[in-house]
Amino acid sequence: MALIKAPEDLKEQLIDTRDVVTNTVQEVRNLSKTLNNDVINKNGLIRSLEIEIERFNRMKFLEATMQINGEVTYISAEHEILIFRMYQEFLSNVMKHSKAKNLSITLNYSDIHLEIIAEDDGVGFDTSQKTESSGLQTIKGRAAFLNAEYSLTSSIGNGTKLVLLYPYPNETKN
């Protein structure tokens, strides 16, 4: 092993570098699992979001929390995947752009709809200057397909918030 032959003053740096590479490879493996619809299908929406929250916390990128209110209502696997993908896009943007210290996701189940709120306390952006990026177009298209309302709000210095109001399809209501 190269570590044994390394000068004493470099051994700690090599150990740190090895640990970073090992952790990075594991995170890439974990991320690739969330890209697979079968895994999301198996885990469901709630567990898939929990896994993302756990990943943020494990990476010590920011402090992430999730809260579930109300009685969990069945949502078809197809719709769960679409909802998860919308929030995965939001979470990806949090990682890339927000410089946030905190992230929260709240699922509010009611008798007629599911409201999901994801917000960060990052740098935010001026929504009047935003461009219709492909990510925002994808979120908009998925919301329309789900017959859901969504809003993305942000302002410089005040973070960003994505709210989805997903009405349960008629076959879901009892």
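Start at the hairpin of β4 and β5: select Gly157, among the five residues between the strands, where phi is positive, near 85 degrees. Strands here are DSSP runs (E, at least two residues), helices are H or I runs of at least four, and both are numbered from the N terminus. This is a predicted model, in which local features need pLDDT of at least 70, side-chain atom pairs count only at pLDDT 80 or more, and totals for chains, interfaces and linings use all residues. Residues are numbered from 1 along each chain as its sequence is written, and side-chain values use heavy atoms, with hydrogens and water left out.

**The hairpin strands**

Select residues 149-154 for β4 and 160-167 for β5. They run antiparallel, joined by six bridges. Pairing requires at least two DSSP bridges between two strands. Now pick Glu149; Leu165 in β5 stands opposite.

**The whole sheet**

Widen the selection to five strands. They form an open sheet in the order β1-β2-β3-β5-β4, with mixed pairing. Its edge strands are β1 (63-69) and β4, each pairing on one side only. On average, neighbouring strands are turned by 10 degrees against each other, direction ignored.

Go to β1 and to β2 (residues 102-109): these run parallel, with seven bridges. Highlight Gln67 and its bridge partner in β2, Thr106.

**Helices on the sheet**

Add α4. This helix packs on the sheet and touches β2, β3 (113-120), β4 and β5. Contact means heavy atoms within 4.5 Å. The direction of α4 makes about 175 degrees with that of β5. Angles run from 0 to 180 degrees between N-to-C directions, and axes are lines fitted to C-alpha atoms, for helices over the stretch in contact.

Next, add α5. It touches β4 and β5, and its direction makes about 155 degrees with that of β4.

**Along α4**

Select residues 77-98, the 22 residues of α4. How far apart are the end C-alpha atoms of α4? They are 30 Å apart, which agrees with the 32 Å expected at 1.5 Å a residue. That expected span is 1.5 Å times one less than the number of residues. Step on to Lys99, which follows α4 and has a positive phi near 55 degrees.

**Where the helices meet**

Show α4 with α5 (residues 134-145): their axes come within 10 Å and cross at roughly 155 degrees. The pair is therefore roughly antiparallel, a label for angles over 145 degrees. For side chains, display Glu78, His79, Leu82, Arg85, Met86 and Glu89 in α4; they meet Gly135, Ile139, Arg142, Ala143 and Phe145 in α5.

Key. Parallel < 35°, antiparallel > 145°, perpendicular 65-115°, else oblique.
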